[in-house]
Amino acid sequence: MDNRRINKVSRLIQKELGELIRKQTASVSGVIISVTQVVISPDLAVAKVYLSVFPSAKSSTLMPIIQGNAAQLRYDLGVELGKQLRVIPELIFYLDDTLDYLDNIDRLLKK
């Protein structure tokens, strides 16, 4: 499949999923969840969604909740993108801990 098509679909899903998660977690105070990257399989059937949670201490409690709501998020994504995509990919969520890794490196370099 055309690589440009995969990139466009990836960005579209990242944008819409970020908005959906932001709306659903608006009631949780002091927590920011952002979609950092979406990697889609070549057949557009599976999307690996990388989430960044701030503060990172809350990620251990929030990630199982988000993974449990993957079917609902996929449905909501289908409602939003139903006119643009024929098949909404299966969503698999992963924790993106690159900011914690960078913070740790920065802290070690300051010693």
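Q: What makes Arg5, Lys8, Arg11 and Arg86 a patch on the surface, and of which charge?
A: Arg5, Lys8, Arg11 and Arg86 gather in a patch of positive charge, since Lys and Arg count as positive (Asp and Glu as negative; His and the chain ends are not counted). A patch takes residues with over 30% relative accessible area (Shrake-Rupley method, 1.4 Å probe, with only the protein chains shown as cover) and no salt bridge (a side-chain nitrogen of Lys or Arg within 4 Å of a carboxyl oxygen of Asp or Glu). Like charges are joined within 9 Å, placed at NZ of Lys, CZ of Arg, CG of Asp or CD of Glu.

Q: What kind of model is this, and how are its residues numbered?
A: This is a predicted model with residues numbered from 1 along each chain as its sequence is written. Local features need pLDDT of at least 70 and side-chain atom pairs pLDDT 80 or more, while totals for chains, interfaces and linings use all residues, and side-chain values use heavy atoms, without hydrogens and water.

Q: Why is Arg86 called buried or exposed?
A: Arg86 has 83% relative accessibility, and exposed means over 50% (buried is under 20%, partly exposed in between; 1.4 Å probe, protein chains only). Therefore Arg86 counts as exposed. Arg86 sits in the loop between helix H3 (70-81) and strand E3 (90-95).

Q: How do you know which elements the protein chain has?
A: Helices (H or I, at least four residues) and strands (E, at least two) are DSSP runs, numbered from the N terminus. On that basis the protein chain has four helices and three strands, in the order α-β-β-α-α-β-α from the N terminus on.

Q: What makes up the largest nonpolar core?
A: The largest nonpolar core (buried Ala, Val, Leu, Ile, Met, Phe, Trp, Tyr and Cys joined through side-chain atoms within 4.5 Å) has 27 residues, and Ile13, Leu17, Leu51 and Phe93 have the most contacts inside it. Helix H1 (3-24), strand E1 (32-40), strand E2 (46-54), helix H2 (59-68), H3 and E3 each supply at least two residues. H1 gives the most, with six.

Q: Why is Leu44 called buried or exposed?
A: Leu44 counts as buried because its relative accessibility is 13%. Leu44 lies in the loop between E1 and E2, and its phi is near 60 degrees, a positive value in a residue other than glycine.

Q: What makes the peptide bond between Phe54 and Pro55 cis or trans?
A: Omega is about 0 degrees, and the bond that joins Phe54 and Pro55 is cis. Pro55 is in the loop between E2 and H2.

Note on methods:
Patches are made of residues with over 30% relative accessible area and no salt bridge: like charges are joined within 9 Å, nonpolar side chains (Val, Leu, Ile, Met, Phe, Trp, Tyr) within 5 Å.
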